[in-house]
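Good morning, and thank you for joining this session. I ask you to look at the sequence and the structure together while I speak.

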Amino acid sequence: MAQSKSPKWVVRLRSGCPRGWSVTESRGQIRLVVRSGAGGTGSKASVTLPLAWAADTVTESIALITELHQQVEAGFDLRDALARINGAAVTATPTTSTQ
């Protein structure tokens with residue numbers, strides 16, 4: 001059975017994700033999944049982005065994912081980072097991991 005090829009905009013969106021980060025379609029929106037640890041075997045977090053799963057949102061989606069990546073690298077939880085970017089700051093300081 002032949003596999004269906006992803007549309008070019010989906011390939012572009014997925015290639016804009018940092019290592020360990022991926023996107024899928026979820027109820028017409030973008031679901032962002034973040035894996036950490038060697039080989040992606042560590043923890044996993046996911047959020048639904050407030051953007052449609054559509055070709056015309058690719059540039060905005062990549063910009064949001066890049067900004068989220070910077071926030072997470074600075075120590076914020078993925079959900080807190082999204083809330084901060086959307087203007088509803090949940091925490092004022094980065095979270096620290098106890099692992």
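Let me begin with a question: with which side chain does the side chain of S43 make a polar contact? Before I answer, please note that this is a predicted model. The answer is S36, and the distance of this polar contact is 2.8 Å.

We may now place S43 in its surroundings. The residue belongs to the loop between β2, residues 29-35, and β3, residues 44-52. Leaving aside residues up to four places away in sequence, S43 touches V34, R35 and S36. S36 therefore appears both in this list of contacts and as the partner in the polar contact. S43 counts as partly exposed, because its relative accessibility is 38%, a value in the range between 20% and 50%.

I turn next to the chain as a whole. Its secondary structure consists of three helices and three strands. Along the sequence, these follow the pattern α-β-β-β-α-α. The chain has 99 residues, and 28% of them are buried. About 6600 Å² of the chain is exposed, with carbon and sulfur atoms supplying 50% of that area. If we take the contacts between residues at least 6 apart in sequence, 35% of them join residues at least 24 apart.

The strands deserve a closer look. They form an open sheet of three strands in the order β1-β2-β3, and the pairing is antiparallel. At the edges stand β1, residues 21-26, and β3; each has a single partner strand, so one side of each is left without a neighbour in the sheet. From one strand to the next, the twist averages 25°. As a general point, strands of a sheet pair through backbone hydrogen bonds.

How many bridges join β1 to β2? There are six, and the two strands run antiparallel. Two pairs may help you to trace them: W21 has V34 in β2 as its bridge partner, while V23 stands opposite L32 in β2. You will recall V34, which is also one of the residues that S43 touches.

β1 and β2 form a hairpin, with two residues between them. R27 lies in the loop that joins these strands. Its phi is near 55°, which is a positive value in a residue other than glycine. In general, most residues other than glycine have a negative phi. Is R27 buried or exposed? R27 counts as exposed, because its relative accessibility is 82%, and exposed means over 50%.

Finally, I come to helix α2, which spans residues 58-73. This helix lies across β1, β2 and β3, and runs at about 145° to β3. S61 has its place in α2. What does S61 touch, if we do not count residues up to four places away in sequence? The residues are L13, I30 and L51. S61 is buried, because its relative accessible area is 0% and the cut-off for buried is under 20%.

To close, I would set the two serines side by side. S43, in a loop, is partly exposed at 38% relative accessibility, whereas S61, in helix α2, is buried at 0%. Thank you for your attention.

Conventions: Residues numbered from 1 in each chain as written. Predicted model: local features only at pLDDT ≥ 70, side-chain atom pairs only at ≥ 80, totals over all residues. Heavy atoms only, no water. Helix = DSSP H or I, 4+ residues; strand = E, 2+ residues; numbered from the N terminus. Buried < 20%, exposed > 50% of the residue type's maximum accessible area, 1.4 Å probe, protein only. Contact = heavy atoms within 4.5 Å. Polar contact = N/O pair within 3.5 Å; in protein donor to acceptor, adjacent residues only side chain to side chain. Pairing = 2+ DSSP bridges. Axes fitted to C-alpha atoms, helices over the stretch in contact; angles between N-to-C directions. Areas by Shrake-Rupley, 256 points an atom, 1.4 Å probe, with all protein chains shown as cover.
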